[in-house]
Structure formats: structure tokens, C-alpha cells
Amino acid sequence: MAEISEPVNPADPTSEISKTHQAPPQVPASYFDPETMRTTKPGLKRLFLTVSVLLSFLLGFPFLWKSVEIYRSPLPFEDMDTLSKEIESNPLQFPCQFQAIFIDSNPQSSFSVLNPHYLHQSILSQMTKLTPKTPQCGTCSSNFNLSVTLDFIGGDCTQSFPGNPSCLYKCGTIPAVDFDFGDEEGVDDVLESVLGDRCSGFGGKMYSVVVVNRDDVQVVRTVVGKYRHSWIVGRHLEAETVVERVAEIFVNVFVNGGREEGLIHGEFMPVGSDGRIVLSFNLLNANPRDWIYDWDFQTIDETLLPPVIEALEPIANISVESQVLYHTPKSSFSSWDEKLGSYVFSVKDLPFFVNSNEWHLDTSIAAGGRSKILQFVVYVPSAKECPLLLRLPDGQISATNGFITPMWGGVMVWNPSTCLKDSEDKLPGRHMISTQDLHKVFEVFMGQFRQLFDLKSDSIYVGAYGDYNLLTSEIGFTEWELDVLSRKHTCFNVHSSATTLGSLSRLVQSLPRMIIMDEIGKQVKFSLESAKLAQLNSTIGVYDASAVSSRHARSLAEDAFFHPSIMSVSYYSFEHCFAVYSPFFLPVAMHVLLAALREWKRYKQENAKYLLWKAKVKVAS
């Protein structure tokens with residue numbers, strides 16, 4: 001049987017409280033006030049627990065902040081902004097070296113009373129008039145050296161030169177050569193062997209103009225060669241007229257490339273932002289029911305294009321592709337001309353000639369990303385509109401029967417040798433474009449390619465002081481034209497990279513929550529280094545190296561600005577982040593903070609009561 005015990009009476013809580021406020025035996029009851037005193041020291045347990053909870057929140061805040069932190073690779077914002085401001089304030093200038101060589105066989109001519117110093121000052125003054133007062137990016141402006149040589153055959157030779165003597169003409173070299181000025185190509189090659197670049201490449205390229213005064217030449221003729229020299233030959237040449245022509249060749253031809261102004265605004269060359277060009281050659285058969293034409297493009301790809309690609313290598317990385325398409329009618333209409341005996345389309349029809357719905361030209365896999373695709377189209381018309389000719393605004397028929405579209409490419413209409421349609425009951429004949437016709441097509445393409453690079457397509461330059469004959473090069477670009485393209489390309493690329501980096505700097509600094517990967521930091525760093533290297537190379541006159549460095553600078557800057565990690569994330573401000581997380585943590589944090597403050601206030605009050613009682617005890621004792 002279970003044991004039964006009597007219940008124990010619990011302690012009376014009022015008695016315990018009375019014991020706490022009850023006056024001790026050594027203190028009279030009249031000295032003890034239960035409202036303002038207490039005999040025991042207040043405990044720290046409640047305060048410790050409350051403060052512990054508060055500290056846990058405070059210690060956890062850095063971990064929370066770290067968990068929502070955005071990784072940002074450090075970027076050289078100061079260098080990026082400095083480069084942008086520097087390019088804007090100080091356009092990129094290149095050093096150039098010019099030399100004018102006067103050759104005369106008649107000691108009694110007008111040149112005999114002149115001296116190199118006078119000619120030097122005259123040419124320099126004329127060049128100053130032709131040069132814009134505001135420095136133009138990509139030109140020499142006032143950053144050039146000019147030397148003048150006056151060489152009499154069998155007589156004296158005097159020179160005026162401020163530059164490096166080793167780069168200049170050596171007296172007596174040209175008169176020793178028997179020139180046949182009827183053979184311009186031969187004269188050009190001989191002058192190249194005599195005036196070839198003697199310098200190591202520093203200080204800019206050397207451009208020469210040779211003035212020959214000969215009695216056996218009746219008409220004054222000015223020719224610009226395919227290298228870096230020109231010549232003026234004539235009888236009884238006047239010094240003033242010659243000085244004007246020499247200065248015009250130096251400034252308007254060798255420096256500006258035959259353009260009226262030195263600076264080309266905007267994206268002046270069809271080069272992708274990654275420095276790549278894809279040449280897409282297309283043979284279009286409008287109606288294969290009439291005839292089908294094919295071509296041996298491998299001949300062009302292996303023999304004609306490699307020299308062009310190699311010459312333009314400092315400016316762009318060029319790749320080539322080709323294709324043959326069928327059922328590709330044009331969008332515009334043509335009309336029959338009885339006098340010409342052919343169908344004619346005018347310049348007004350050019351915007352509608354390219355049929356974007358039927359001409360599926362953009363099929364390149366190699367042209368992914370930011371590469372530039374230039375389309376070159378050979379259009380074979382159908383039998384219903386063959387032959388098809390292009391009428392120019394002046395009423396003349398185009399010699400090339402083609403046209404260009406800036407930043408897109410060019411089109412050439414190629415009419416078959418016979419435009420008689422086969423009978424409908426026969427299968428369409430298959431033909432191959434002959435090698436001779438293929439070379440003619442390539443010549444037209446090269447002319448269009450030069451126009452896309454903003455170079456002259458004809459062989460005559462009409463200047464203010466005369467007409468100049470421009471010799472062409474086998475590769476399509478002369479050496480002085482390649483120098484112009486390198487300078488302009490460097491100028492545009494450095495300006496574009498500086499603008500892109502400046503925009504990236506402002507964008508990143510305006511969005512503190514933007515993710516900046518290490519790869520972006522490296523691209524920005526290498527872009528700045530390439531831009532500075534391009535500036536250095538341009539300062540010392542290394543044109544090709546400056547073009548390559550500027551191309552890399554622009555490509556890296558574009559890669560950094562359009563990095564996928566930047567484009568794929570939506571960024572928000574710190575205020576937005578606070579608004580998202582505050583509803584979860586702010587109410588609890590406020591309650592914990594208020595509880596800690598309230599407990600600390602209670603502890604101070606109870607401790608003050610205890611200290612007051614201790615003081616009473618001390619006085620009573």
C-alpha cells in the first residue's frame with residue numbers, strides 16, 4: 001500500500017518580499033524606506049541574458065553584410081578618367097619628315113638665284129597656310145621636319161635640313177640616274193631605290209618630292225608614286241608655282257590622303273570593334289532557270305587577296321568567305337533603253353536594289369560577336385533584264401557597273417557575254433566565269449574596298465594648284481595611303497577606347513552594387529596599357545605598331561564594357577537593399593534593443609537602492 005504523506009504548505013510569497021524589504025536588526029526601522037532601498041545586491045542574470053541577445057544581433061550583422069556584399073574588382077578610375085580627358089584635350093599627333101629635292105641641269109634657270117633656306121621658308125609658310133590652325137587628330141599638323149636640297153647637275157649642291165642627316169637625300173644621287181619620265185612606273189621604282197626609307201622607323205616616315213627642271217619636257221607633270229615620294233617635272237619651272245605644289249602634296253596628299261579635311265569624324269573605316277573584318281564574296285544568280293554561273297574563287301583567295309590582307313594586317317584582322325546563291329532577284333525595277341539596247345537602272349533605284357528578303361548574305365559563322373562583315377556581291381541578272389546597266393546622275397553609264405553602300409559593302413552587276421535566253425524546254429546551262437572576267441571583277445571590288453576606307457578610287461587628284469596623277473599599287477593600297485590609314489585608325493581607336501573606358505568608369509561609380517569581375521579588371525588594365533603604348537608609338541612615329549596597339553586597346557575596352565557579367569544582372573541601390581531586408585530584421589532588432597535598454601535602466605535603479613541602503617548602514621554603524 002502506498003505511503004501517504006501530508007502536504008507541505010508552500011512558503012508565503014508576501015513573507016519573502018517582506019524579508020527583502022525588512023529592516024535588518026542593526027538598522028533602526030525608522031531609517032529603512034522600502035521604496036528607495038533594498039538590502040540585497042540586484043542580480044545580473046536578466047541583464048546578461050538581454051545583453052547577450054543584443055550582442056548576438058550585433059555580431060551577426062557583419063556576417064549578414066558580408067553575405068549580401070557585391071564583389072568588385074578594383075578598377076583604376078583615375079587612370080581611366082585621365083586618359084579620356086587627355087585624348088579630348090590633346091589630339092593624337094604623329095611626327096612626319098618631309099624633304100624637297102630640286103634637280104636642275106641649267107645653271108641659268110630660275111632656281112640658280114635661289115638658295116635652300118629661301119625655299120625652306122617658302123614651303124614651310126605655304127604648308128602652314130594649308131594646315132588647319134586647330135590640331136587635327138591623326139595628322140602631323142606642326143609636328144614635322146622639312147629639309148630642302150638644291151642640286152645642280154655638274155654643279156654645286158646645297159642643303160637645308162633640321163633633322164637627322166642620315167635620313168636625307170645624298171647630293172648627286174638622282175642626277176646620276178638617267179630618267180625616262182615617259183615610263184612613270186619605272187621612274188617610281190628608281191626613286192624608291194634612291195630615296196628608300198633610310199631611317200629606322202623612329203621620328204616618322206620620310207616623304208619626298210623631287211622637282212626636276214628639264215628642257216626636253218614640254219608640259220609640267222606632277223605624279224605621286226606608290227611609295228612615299230612624288231615628282232614634278234617640267235620646263236622653265238617657276239619657283240613660286242613649284243613651292244605651292246610641293247606644299248600641297250605634303251599636306252593634302254601625304255598627310256590627309258587626298259581629303260579636304262584631315263580629321264575623319266565617326267567610324268571612318270569599316271572595322272569591327274574587335275579589330276576584325278570579314279570579307280564575304282557572293283555570286284548571285286537572279287534566275288537559275290535562265291543560266292547558272294559559278295566562279296573559281298579559290299584563285300582570288302590564294303593569289304589576289306593575300307597581299308591585300310597582309311598590307312592591312314596592322315589595321316585589321318581580315319578573314320574571307322564566299323558563297324553562290326540562286327533565286328536572288330533584285331527589289332528595284334529597270335527600264336529598256338532603245339539607244340543603249342539594254343535595260344537601265346538609275347541611282348535613284350540603288351536604295352531598293354538590294355533585296356534583303358531574298359538575298360541571304362549574313363550566313364557567316366566566323367563573324368560572330370562584334371566583327372564587321374563587308375558584303376561584296378556579283379549580281380548576274382536574269383534573261384528578262386539582260387544586259388543591265390547603271391546610269392549615273394550625269395546621264396553617263398557607269399564604267400564599273402557597280403555601287404557601294406557605306407559600312408555594308410558593294411554590288412557589281414555582271415552581264416554574261418550573251419544575254420540570249422535558252423529555250424524553255426532545255427535545262428539551264430552551267431557556265432564558269434572566265435579568269436579574265438574574274439580579274440576585272442576583283443579590280444572593281446578593290447575600288448569599292450578603297451572607297452569603303454574613304455580613299456579615292458580614281459587616279460587623278462584635283463588640287464588647288466594643279467592636277468596630280470596618282471599611281472596605283474598591285475595590292476590596291478600605296479605605302480603612303482597605308483600610312484594615312486594607320487594614323488587615322490590609331491587616332492579613332494585610341495579615342496574610342498578612351499571614350500569607352502570613361503563611360504565604364506562613370507557607370508561603375510554610379511552603381512555601387514554593380515558586380516565587377518576580375519576579368520573586367522584585367523581587360524581594363526590591358527586596355528590602358530595598350531592605349532598608352534599606342535600613344536608612345538605615335539609619338540616616336542612608329543605607325544604600324546601604334547595601329548596594332550590601338551586596335552587592341554579598343555577591343556579590350558569594348559570587351560570590358562560589354563562583359564556578360566555586366567549585361568546580365570539588374571543592379572539596385574543600397575536604399576533598395578535596406579528596404580528589402582529591413583522588414584525581416586528591423587522589428588526583432590528594435591524589440592531586443594528596447595528590452596536591453598529597459599533592463600539596463602532597471603538594473604541602475606535597483607543598484608542605486610542597494611547603494612543607498614549600504615550608506616545608511618555605514619552611517620548607523
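Q: Quick one on Met-407: how exposed is it, buried, partly exposed or exposed?
A: Partly exposed: the relative accessible area of Met-407 is 26%. Buried would need under 20%, and exposed over 50%. Bear in mind that this is a predicted model.

Q: Where does Met-407 lie?
A: In the loop between strand E14 (402-405) and strand E15 (409-413).

Q: What about the phi of Met-407?
A: Positive, at about 65°, although Met-407 is not a glycine.

Q: And His-327, what is its phi?
A: Near 55°. That is a positive value in a residue other than glycine.

Q: Which loop is His-327 in?
A: The one between strand E9 (317-326) and strand E10 (335-337).

Q: Is His-327 buried, partly exposed or exposed, and why?
A: His-327 counts as partly exposed because its relative accessibility is 46%.

Q: Switching to prolines. Is the peptide bond from Cys-386 to Pro-387 cis or trans?
A: The bond from Cys-386 to Pro-387 is cis, with omega near 0°.

Q: Where is Pro-387 found?
A: Pro-387 sits in the loop between strand E12 (372-380) and strand E13 (388-391).

Q: Now the inside. How many cavities of 30 Å³ or more?
A: Five. The largest has a volume of about 100 Å³.

Q: Which residues are closest to the centre of the largest cavity?
A: Thr-131, Thr-139, Ser-141, Val-251 and Val-255, out of 13 residues in the lining.

Q: How does the lining of the largest cavity divide into nonpolar, polar and charged?
A: Seven residues are nonpolar and six are polar. No charged residue lines the largest cavity.

Q: What volume does the second largest cavity have?
A: About 50 Å³.

Q: Which residues line the second largest cavity?
A: Leu-279, Phe-281, Leu-305, Val-308, Phe-376, Phe-445, Met-446 and Phe-449. These eight are nonpolar, with no polar and no charged residue in the lining.

Q: Which element gives the most to that lining?
A: Helix H8 (435-452), with three residues. Strand E7 (276-285) and helix H7 (297-311) each supply at least two.

Q: Over to the surface. Which residues make the nonpolar patch of about 440 Å²?
A: Leu-586, Met-590, Leu-593, Leu-594 and Leu-597.

Q: Which helix is Met-590 in?
A: Helix H13, residues 574-620.

Q: How accessible is Met-590?
A: Its relative accessibility is 41%, so Met-590 counts as partly exposed. Patch residues need over 30%.

Definitions and conventions. Residues numbered from 1 in each chain as written. Predicted model: local features only at pLDDT ≥ 70, side-chain atom pairs only at ≥ 80, totals over all residues. Heavy atoms only, no water. 1 Å grid on protein atoms, 1.4 Å probe; cavity = no way out; pocket = protein on both sides within 12 Å on 5 of 7 lines; lining within 4 Å. Points joined across faces, edges and corners; volume = space filled by probe spheres on them. Nonpolar A, V, L, I, M, F, W, Y, C, P; charged D, E, K, R; others polar. Helix = DSSP H or I, 4+ residues; strand = E, 2+ residues; numbered from the N terminus. Patch = residues over 30% accessible without salt bridge, like charges linked within 9 Å, V, L, I, M, F, W, Y side chains within 5 Å. Areas by Shrake-Rupley, 256 points an atom, 1.4 Å probe, with all protein chains shown as cover. Salt bridge = Lys/Arg side-chain N within 4 Å of Asp/Glu carboxyl O. Buried < 20%, exposed > 50% of the residue type's maximum accessible area, 1.4 Å probe, protein only.
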